[in-house]
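Student: I would like to learn how to read a structure like the one shown here. Could we go through it feature by feature?

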Amino acid sequence: MINAMPPTATWRRANFWLCELPFSLVLILTVFGVAYTTFSQRPITGYWEALLPFIVLVCIGAGWHDAADNAARWRLVMSQVLHWLAFLIVINMLLLPTVQRNFSTNATGLAIFTLLSLGTFTAGVQLFSWQVCLLGLIMAVGIPTIAWVENSALFFLLITAGVLGLVAVFWWHWRARPEHLDSVR
């Protein structure tokens with residue numbers, strides 16, 4: 001006879017993180033796409049087109065357990081596919097050469113990130129999924145953060161250089177201290 005043991009706290013914690021993994025992956029992949037677009041100074045159309053089906057699957061997975069029967073599941077799949085197809089069309093419109101002449105690459109990356117965060121949030125509202133809504137809100141908070149980081153890159157570079165300089169001075173001072181101080185300890 002198999003013993004049915006209650007789940008331990010560790011198992012529940014691991015299960016929680018496994019359930020949240022798809023949402024974290026969407027966030028990481030979206031931020032990576034915006035960062036790559038910003039630093040490469042060219043739009044990556046194929047990346048966004050590959051990421052959107054993954055977002056669709058995450059959204060469908062978030063609402064699947066609430067779909068009572070096959071008709072509800074079919075409605076869920078179709079509504080999410082149409083929802084994200086609309087966003088994919090708008091993203092591809094932003095990436096058209098005639099539109100790109102009016103936008104910088106940074107502006108295009110932020111516009112795509114804005115569209116993805118809006119799409120994610122509205123998908124979460126449609127699904128009544130707090131995880132998808134939260135993901136959309138986190139992405140939305142990232143928009144001004146990314147813009148600030150882009151505009152403050154020189155500031156961060158100077159701070160990093162200053163910290164590295166202080167670390168080098170302290171390291172040099174620590175390495176060069178007299179040996180009689182080591183024997184006192």
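**Reading the helices and their surroundings**

Tutor: We can. Keep in mind that this is a predicted model.

Student: What does the secondary structure of the protein chain come to?

Tutor: It comes to eight helices and zero strands. Read from the N terminus on, the elements run α-α-α-α-α-α-α-α.

Student: How many residues does the protein chain have, and what percentage of them is buried?

Tutor: The protein chain has 185 residues, and buried residues make up 30% of them. Its exposed area is about 12,500 Å², with 73% supplied by carbon and sulfur atoms. As for contacts between residues at least 6 apart in sequence, 64% of these join residues at least 24 apart.

Student: How is the length of a helix checked, for example in α2?

Tutor: The span is compared with what 1.5 Å a residue would give. For the 20 residues of α2 that is 28 Å, and the end C-alpha atoms are 29 Å apart, so the two agree. Helix α3 can be read in the same manner: it has 25 residues and reaches 36 Å from its first C-alpha to its last, close to the 36 Å expected.

Student: Which residues of α3 are buried?

Tutor: They are A72, L76, Q80, H83, W84, F87, L88, I91 and L94. The cover over these buried residues includes α2 (45–64), α4 (97–100) and α5 (105–127). Helix α2 has buried residues too, among them W48, L51, L52 and I55.

Student: Where is H83, and is it buried or exposed?

Tutor: H83 is placed in helix α3. Its relative accessibility is 15%, and because buried means under 20%, H83 counts as buried. Apart from neighbours within four places in sequence, H83 is in contact with G119, T122, A123 and Q126.

Student: How is a pair of aromatic rings described?

Tutor: Two values are used: the distance of the centres and the angle of the planes. This structure holds two aromatic pairs. One of them is formed by W84 and F87, whose rings are 5.5 Å apart centre to centre, with 45° between the planes. That pair is tilted.

Student: Where do W84 and F87 lie?

Tutor: Both lie in helix α3 (residues 70–94), three residues apart, which is about one turn of the helix. W84 counts as buried because its relative accessibility is 1%. F87, at 12% relative accessibility, also counts as buried.

Student: Which residues make the nonpolar surface patch?

Tutor: The patch is made by W74, M78, L82, L85, I89, V90, M93 and L96, and it covers about 770 Å². Take I89, which lies in helix α3. I89 has a relative accessibility of 48%, so it counts as partly exposed.

Student: How far apart are I138 and L27 in sequence and in space?

Tutor: Sequence and space have to be read separately here. I138 and L27 are 111 residues apart in sequence, and their C-alpha atoms are 8.3 Å apart in space. I138 lies in helix α6 (residues 130–151). With a relative accessible area of 40%, I138 is partly exposed.

Student: Let me go back over α3. Its residues W84 and F87 form a tilted aromatic pair, and H83 of the same helix is in contact with residues including G119 and T122.

Tutor: Yes. Add that I89 of α3 is one of the residues that make the nonpolar surface patch.

How values were computed:
Residues numbered from 1 in each chain as written. Predicted model: local features only at pLDDT ≥ 70, side-chain atom pairs only at ≥ 80, totals over all residues. Heavy atoms only, no water. Phe/Tyr/Trp six-rings, centres within 6.5 Å; stacked < 30°, edge-to-face > 60°. Helix = DSSP H or I, 4+ residues; strand = E, 2+ residues; numbered from the N terminus. Buried < 20%, exposed > 50% of the residue type's maximum accessible area, 1.4 Å probe, protein only. Expected span 1.5 Å × (residues − 1). Contact = heavy atoms within 4.5 Å. Patch = residues over 30% accessible without salt bridge, like charges linked within 9 Å, V, L, I, M, F, W, Y side chains within 5 Å. Areas by Shrake-Rupley, 256 points an atom, 1.4 Å probe, with all protein chains shown as cover. Salt bridge = Lys/Arg side-chain N within 4 Å of Asp/Glu carboxyl O.
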